Amino acid sequence: MNFFRSGSLFLTTVLLILAGYTANAQRSAPQHWTKDGYQYYKITDDGIRILDTRDTNKKTLWISKEMLTPQGQQYIGVKRFTLSADGQKVLINTNTKKVWRYDTRGDYWVYDTGSKKLWQLGKSLPASSLMFAKFSPDGLKAAYVSGHNIYVENLADGSVKQLTTDGSTKLINGTFDWAYEEEFGCRDGFRWSPDSKSIAYWQIDATKIKSYLMLNTTDSIYPYVVPVEYPVAGQDPSSCKVGVVDISTGKTNWINTPGDAVQHYIPRMEWTLNSNEIILEQLNRAQTESRVFIGNVSNGTARMIREEKSNAWIDGKERWNAGDPTGWEWVNKGKDFLWVSEKDGWKHIYRISREGKESLITPGNYDVISINLIDEASGYIYFMASPDNATQKYLYRIKITGGTKPERVSPVDEPGTHSYDISPNGKVALHNFSNSYTPPVSEVVTLPAHKHIGGTVVALNKEAQNKTEFFKVKTVDGIEMDGWMKKPSNFDPHKKYPVVFIVYGEPASQTVTDTWGAGNNRLYAGSMADDGYIYMSVEGRGAPAPKGTAWRKAIYKNIGIINIRDQAMAAKEILKWPFVDSTRIAVHGWSGGGSSTLNLMFQYPDIYKTGIAVAAVGDQLTYDNIYQERYMGVPVDAEGRAAFIKGSPITYAKNLRGNLLYIHGTGDDNVHYKNAEELINELVKYNRQFELMSYPNRTHSISEGEGTNLHLKTLFTRYLKQYCPPGSR
């Protein structure tokens, strides 16, 4: 149920629709920096420009639209691009198409800035079929995936060599199946060797994975089936292995990683700085054991250098790297690397040698949220953290050698949420900031002094009216929770108002963050504050807040139970507030938040009178194995299945007493429409009346089709006003 992965486009879309949050979506995509580290490239309407951090008015047109227009054809457009190691060639991705949730198929063109030549890669292959094209380190070749096979193309003469030939929709070379992409962030599945002579790649064997059959009833006269490879909880995942193919011979040598290839995952793999070695992370199926291996390409052996075991799940790199698991954090000329682990109860950075010797770099009772830059030249690591306020984010730095306290870099007079794209030289950064009452601001700053040198000067909007209020509430269980509240515009503390809660409640995302948009509801047509609602969110255990491992992993094998109780017990305390009308309490949420909404309505009907649930998992046994087994265990027997059943909303549907609106897209390939129909059956079985809105052929975001967004907002607002009337009493 990783529907809220930080950093992803999907996260941005849903959060903006849901509540206006920009917290987790605020970090802009990393820029391509020039070699000097003071300039960066930017795609513009007229091509690609070079911007200078020292003079923000300087925006040099580097490659124009005319240069990217083949003779007799139209401008190819630039979706994204990468540069060769020498910066002379540019690899341009255009004409992109979606694979599941991301536009990872497309066409690729090469532009040579020296010869001014432009040409297309893989011209003999189908249009928009190339994936993850990248230059070889020596800049002489490019490799890409098409039709689940890997190809290499000589840039000098355009000759193409197919390196794998067994690829199919079930045997996947150089990319991943649905579950790996959705839950590990794995999309690009191959890596060039440092010497440009071979390519390491994943092979996913999904032969035994059953397909979920969605039905498209709107795009043709006759409905047709849309199959999605989808291993549900309790079903075996795809088999996975890593091989290295020699460019000259086309022969693949497989790395003999210990353990059953079906009952283990490989979410990370890279080359060491040696072209005869790769390094990879292997997780057991329950994701409670992590092992790091160095693989020898010549003989296929794998040597384990690190092992970690946990009583709950172990997060991968995509959880602390904006959803991207690629790359390996080498230091000391490849003799050591950095690793993030929660084994001491906090998320910390460790330094690990190739022999497995570990040293803790960031000791203390705080969590590292993400690593932003390893600046070996100055001897520092820059990272995000917020030791004192789990709703905010700040930049810190600490010496690579460890043994010191972290130094806060973000200004102390800018409370809120910061994000940074730091130049590789560590001297300048693109800085973004917002808080609940200050709209997003972008500037250029020096580091570590954080001196403003360009862009908009950060200025808190201290004159903002009716600011979103942050508070803490302690439940009867002794759990202290963060929350925010947006009161009505003409609030009178002597009157009572309805409360509308927004919930998520699972380990994939926070809702209580000090960012612009907190307190606003993008599903509501109009202003909730002006209409007389108190809009609120509280965040309990299981949310990925920087509050320590015990807080985050209390939810292990308890989704649908402990997170729901925390919400309900917090609401009970809030209902004691003199200005809260306990007869008008509503709750809504999307995806995991939809599941929480259903569970709150069914398990605590005495508290919640109205609920609007969107795209919810009604039955945890229907969701994909990587996500659900990570947080709930592997349901291999009746005891294991019992936890899934206990936390599923359909188990409690018979308890519905309030007003429920359920919304789902029939083309949802993430949380399948089957969840809606199972829920409907349970509600019908017990004669529980409710309202249903099915959006034909819409995906999990329910954003496709003319008029959809307006219709959804109108529906949401009408239902809320009808069953939870706004205004004071």
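## A hairpin to start with

Let's begin with one pair of residues: Leu-283 has Ser-290 in strand S22 as its bridge partner. Please keep in mind that everything here describes a predicted model. The two strands behind this pair are S21 (residues 277-284) and S22, which are joined by seven bridges in the antiparallel sense. Together, S21 and S22 make a hairpin with four residues between the strands, and there Gln-287 takes a positive phi near 60°.

Strand S22 also pairs with strand S23 (residues 302-309), again antiparallel and over seven bridges. Look for Glu-289, whose bridge partner in S23 is Lys-309. S22 and S23 form a hairpin too, with five residues between the strands, where Gly-300 has a positive phi near 75°. Is S22 enclosed or open? Six of the eight residues of S22 (residues 289-296) are buried, so this strand is largely enclosed by the rest of the structure.

## The chain as a whole

Now let's step back. The chain contains 10 helices and 43 strands. Its radius of gyration is 26 Å, while the globule rule gives 27 Å for 729 residues; the two are close, so the chain is as compact as a globular protein of that length. If you follow the C-alpha trace along its principal axes, it spans about 75 × 60 × 55 Å.

How much of the chain is buried? Of the 729 residues, 59% count as buried. The surface that the chain exposes comes to about 28500 Å², and carbon and sulfur atoms supply 50% of that area. There is also a way to look at how distant parts of the sequence meet: among contacts with a separation of 6 or more, 59% are between residues 24 or more positions apart.

## An open sheet of four strands

Next, find the open sheet in which four strands follow the order S5-S6-S7-S8, with antiparallel pairing. Strand S5 (80-83) and strand S8 (117-120) are the edge strands; each has a single partner strand, so one side of each has no neighbour in the sheet. From one strand to the next, the twist averages 30°.

Strand S6 (residues 89-99) is paired with strand S7 (residues 102-112) through eight bridges, in the antiparallel sense. A pair to look for is Val-90, which stands opposite Tyr-111 in S7. S7 is then joined to S8 by four bridges, with the strands running antiparallel. Here Val-110 has Trp-119 in S8 as its bridge partner. S7 and S8 form a hairpin with four residues between them, and Lys-116 in the turn has a positive phi of about 65°.

## Parallel neighbours of S38

So far the pairs have been antiparallel, but strand S38 shows another arrangement: five bridges join S38 to S40, and these two strands run parallel. Tyr-497 has Val-580 as its bridge partner in S40. S38 pairs with strand S39 (residues 534-539) as well, in the parallel sense and over three bridges. In that pairing, Phe-501 stands opposite Met-536 in S39.

How many of the residues of S38 are buried? Six of the six residues of S38 (residues 497-502) are, so this strand is largely enclosed by the rest of the structure.

## Helix H6, tucked inside

Helix H6 (residues 592-603) lets you try a small check: at 1.5 Å a residue, its 12 residues should span 16 Å, and its end C-alpha atoms are 16 Å apart, which agrees. Of these 12 residues, 11 are buried, so H6 is largely enclosed by the rest of the structure. The buried residues include Gly-592, Gly-593 and Gly-594, as well as Leu-598, Met-601 and Phe-602.

What do the buried residues of H6 pack against? The partners are helix H5 (562-574), strand S40 (580-590), strand S41 (610-614), helix H8 (638-647), strand S42 (659-665) and helix H9 (674-685).

## A loop residue, Lys-557

Finally, visit the loop between helix H4 (549-553) and H5, where you will find Lys-557. Its relative accessibility is 44%, so Lys-557 counts as partly exposed, a class that lies between buried (under 20%) and exposed (over 50%).

Although Lys-557 and Gly-633 are 76 residues apart along the chain, their C-alpha atoms are separated by 6.3 Å. Leaving aside residues up to four places away in sequence, Lys-557 touches Tyr-631, Met-632, Gly-633 and Ala-643.

Notes. Residues are numbered from 1 along each chain as its sequence is written. This is a predicted model: local features need pLDDT of at least 70, side-chain atom pairs count only at pLDDT 80 or more; totals for chains, interfaces and linings use all residues. Side-chain values use heavy atoms; hydrogens and water are left out. Two strands pair if DSSP finds at least two bridges between them. Axes are lines fitted to C-alpha atoms, for helices over the stretch in contact, and angles run from 0 to 180 degrees between N-to-C directions. The radius of gyration is taken over C-alpha atoms; the globule rule is 2.2 Å times the number of residues to the power 0.38. Buried means under 20% relative accessible area, exposed over 50%, partly exposed in between (1.4 Å probe, protein chains only). Contact means heavy atoms within 4.5 Å. Accessible areas come from the Shrake-Rupley method with a 1.4 Å probe; for residues, only the protein chains shown count as cover. The expected span of a helix is 1.5 Å times one less than its number of residues.
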